[in-house]
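Okay, thanks everyone for coming. I'd like to walk you through one model today, so let me put it up on the screen.

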Amino acid sequence: MSGLTRRRFLGVTAGAVGLGALAVALPGCSVLTQQQAGELLKSRARLPKPFTVPLPIPPVAEPTRRTPDAWYYDIPVREAEAEILPGLKTRIYGYDGIFPGPTIVSRRDRRTVVRHSNELPVPIAVHLHGGHTPHGSDGYPTDLVLPKGGWPHDTMPGDIAHGSRAYVYPMRQRAMTLWYHDHRMDFTGPQVYRGLAGFHLVHDDEEDALPLPKGERDIPLLICDRSFDADGAFLYPALDPKLVAPPGVKEAYMDGVLGDVVLVNGAPWPELEVTATRYRFRILNASSARRYQLTLDPQPSGGKAFVQVGSDGGLLAGPNPLDRVEIAQAERFDVVVDFSRFEVGSTVTMTNGFGDGGTKNVMRFRVARKAPDDSAVPKRLGDLEVLRTGQAKVTRRFDFQQGTLHGHQAWLINGKPFDPDRIDAAPPLGQVERWRFTTDIRHPIHVHLDPFQVLGGGDYRKGWKDTVDMRSGETVDVLVRFSDYAGKYVLHCHNLEHEDMAMMANFRTHAA
Ligand code: C2O
Ligand code: CU
Ligand code: CU
């Protein structure tokens with residue numbers, strides 16, 4: 001066993017031993033339904049009435065420097081206090097000290113360079129989810145940025161930065177809704193839970209030319225669930241709340257952590273005042289384990305509630321009208337809602353068909369007044385290249401299954417836990433491949449570097465995707481082509497508890 005494998009082995013075992021001492025796994029105590037994998041963690045704080053807090057819109061980050069081919073940002077990562085539940089203080093980890101982090105707005109083919117200095121007490125790795133990014137800036141889980149204040153503990157071998165790192169994003173990709181979040185090996189779940197997530201939008205000429213709602217009527221919505229202690233602190237069942245060792249969560253939460261408060265842009269069940277016009281919402285599910293089925297109540301008459309215009313990988317070829325949006329962790333749905341179909345003065349609730357109790361509600365819109373609207377959803381949206389099965393040169397299989405590792409429960413891919421040293425697939429650049437995913441329970445499966453297309457489709461799997469929401473016991477084939485950047489990347493389950501508990505694998509791209 002190499003030193004690295006042994007360290008990983010010890011890490012997993014130490015975690016699992018801690019777990020084993022706590023409880024015997026009782027699958028019956030966990031919410032394992034067709035809709036959800038996870039265990040509900042109940043808040044101890046007094047929760048606010050829904051729709052009493054205004055929807056915050058994360059500020060757009062200001063570049064510190066601009067050249068014709070690159071914009072530069074400095075975004076420190078630090079602890080801060082936020083008032084999430086009215087009257088209570090929550091200690092957060094935030095990009096620029098806020099949750100969600102500032103929205104970074106990029107332009108296709110113009111480099112974006114973000115320097116993150118780490119003022120937290122724990123290591124970080126920043127990943128741009130959906131980014132077409134060279135390996136060195138992809139936030140590989142062991143490529144850590146250690147705290148400025150030092151880190152007296154062991155780290156696994158990796159490209160270690162001390163105090164800060166500049167992430168370089170060439171942005172050779174279509175207009176799309178991306179997000180950035182923490183990706184530290186074994187501790188992504190708790191660090192994202194504490195607030196390390198934000199939007200990164202890419203614009204291009206193709207999108208600009210469309211008459212979709214823009215400016216103040218193009219709104220990102222980061223939806224996530226959280227639970228709160230009596231004093232307002234985030235509750236999370238980490239084995240080590242200091243996030244040093246061991247990694248992982250208490251046994252009962254092995255399937256995933258479900259909160260009982262729904263936050264949109266960091267506010268509990270907020271309200272947004274809208275005009276009776278069309279709005280574009282870029283919806284992101286940034287939860288650890290919760291899936292949502294979003295609907296509007298009342299349902300508008302005349303047409304579907306939502307018109308989907310974009311997915312993870314940018315604009316669809318044409319509009320996709322939907323009454324419900326089912327969204328798993330890390331997925332993005334860009335939708336247009338036409339509020340002119342509701343009466344001025346009325347309210348419209350975005351509900352969650354998969355929720356129960358408080359999590360049945362997401363947010364509310366108040367239709368305040370009429371206003372001019374020259375926006376439209378055209379029949380043709382993006383220019384979408386369609387990959388064909390005949391182009392696929394190889395088929396690879398990835399089975400996402402629970403298993404045992406040294407006598408303890410873990411989440412595995414092809415029967416193996418994540419090992420940064422093991423390459424599980426080596427696709428040549430430029431080659432179309434067919435990847436077959438199979439699952440035991442629900443897993444949202446995410447591939448870094450390039451998006452894929454889901455064969456067989458389905459209402460929620462249209463266009464270019466980087467995350468596919470897999471049902472229990474399902475087999476899904478996707479076509480993927482890594483276009484450039486040779487190096488080591490990961491694919492993994494985006495249920496963050498599964499990811500932290502080893503459900504991740506490596507692929508290494510190389511020149512053909
Ligand atoms: Cu959104 Cu590998 O992550
Ligand atoms: Cu990613
Ligand atoms: Cu999973």
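**Sheets, core and copper sites**

So, let's begin with a sheet. There's an open one with 5 strands in the order 30-29-31-35-33, and the pairing is mixed. At the edges you've got strand 30 (408–413) and strand 33 (452–454), each of which pairs on one side only. On average, neighbouring strands here are turned by 25° against each other, if you ignore direction. And before I go on, keep in mind that this is a predicted model.

Let's zoom in on one edge. Strand 33 runs antiparallel to strand 35 (residues 475–481), and 3 bridges join them. If you want a register to check, take Phe452: its bridge partner in strand 35 is Val480.

Now the other sheet I picked. It's open too, with 5 strands, mixed pairing, and the order 20-28-27-22-25. Strand 20 (271–275) and strand 25 (325–327) are the edge strands, pairing on one side only. Neighbouring strands in this sheet are turned by 25° on average, again with direction ignored. Strand 25 is held to strand 22 (residues 292–297) by 3 bridges, and the two run antiparallel. Within that pairing, Tyr292 has Ile327 in strand 25 as its bridge partner.

Stay with strand 22 for a second. At its end, the peptide bond between Asp297 and Pro298 is cis, with omega about 0°. Pro298 itself sits in the loop between strand 22 and strand 23 (306–311). There's also a cis bond from Ala245 to Pro246, with omega near -5°. That proline is in the loop between strand 16 (234–235) and strand 17 (257–258).

Okay, the inside. Which residues touch the most other members of the largest nonpolar core? That core has 124 residues, and the answer is Phe281, Leu294, Met350, Phe365, Trp435 and Phe437. Strand 15 (residues 218–228) contributes the most to this core, with 6 residues. To get a feel for one of these, look at Met350: leaving out neighbours within four places in sequence, its contacts include Leu221, Ile283, Leu294, Phe306 and Phe365. Thr295 and Asn361 are also among them.

On to the metals. What coordinates the copper ion that's ligand 2? It's His127 and His446, both through NE2, at 1.9 Å. His127 is in strand 9 (residues 126–129) and His446 is in strand 32 (residues 443–447), so this pair ties together parts that are 319 residues apart in sequence. Both histidines are buried.

Then there's the copper ion that's ligand 3. Its protein donors are His443 (ND1), Cys493 (SG) and His498 (ND1), lying 1.9 to 2.1 Å from the metal. If you like motifs, the donor spacing along the chain is H-x49-C-x4-H. His443 is in strand 32 and His498 is in helix 4, 55 residues apart, so to speak a link between distant parts of the chain. Buried or exposed, then, for His443? Buried, because its relative accessible area is 0%. His498 counts as buried as well, at 0% relative accessibility, and Cys493 is also at 0% and buried.

Next to that site, have a look at Met503. It's in the loop between helix 4 (496–500) and strand 37 (504–509). With 0% relative accessibility, Met503 counts as buried. What does it touch, beyond residues up to four places away in sequence? Among its contacts are His443, Cys493, His492 and His498, along with Phe400, Trp411 and Ile413. Its C-alpha is 8.3 Å from that of Lys416, and those two are 87 residues apart along the chain.

Just before it is Ala502, in the loop between helix 4 and strand 37. Phi of Ala502 is near 90°, a positive value in a residue other than glycine, and Ala502 is buried at 3% relative accessibility. Another positive phi shows up at Met171, near 65°. Met171 lies in the loop between strand 12 (164–169) and strand 13 (176–182), and at 1% relative accessibility it counts as buried.

Last stop, cysteines. How many disulfides does the count come to? It comes to 0. Cys224 is in no disulfide, because a pair needs sulfur atoms within 2.5 Å, and the nearest cysteine sulfur, on Cys493, is 17 Å away. Cys224 is also buried, at 0% relative accessibility.

That's the tour, thanks for listening.

Methods: Residues numbered from 1 in each chain as written. Chains lettered and ligands numbered in written order. Predicted model: local features only at pLDDT ≥ 70, side-chain atom pairs only at ≥ 80, totals over all residues. Heavy atoms only, no water. Donors = N, O, S within 2.8 Å, 3.2 Å for Na, K, Ca; no water. Helix = DSSP H or I, 4+ residues; strand = E, 2+ residues; numbered from the N terminus. Buried < 20%, exposed > 50% of the residue type's maximum accessible area, 1.4 Å probe, protein only. Pairing = 2+ DSSP bridges. Axes fitted to C-alpha atoms, helices over the stretch in contact; angles between N-to-C directions. Core = buried A, V, L, I, M, F, W, Y, C linked by side-chain atoms within 4.5 Å. Contact = heavy atoms within 4.5 Å.
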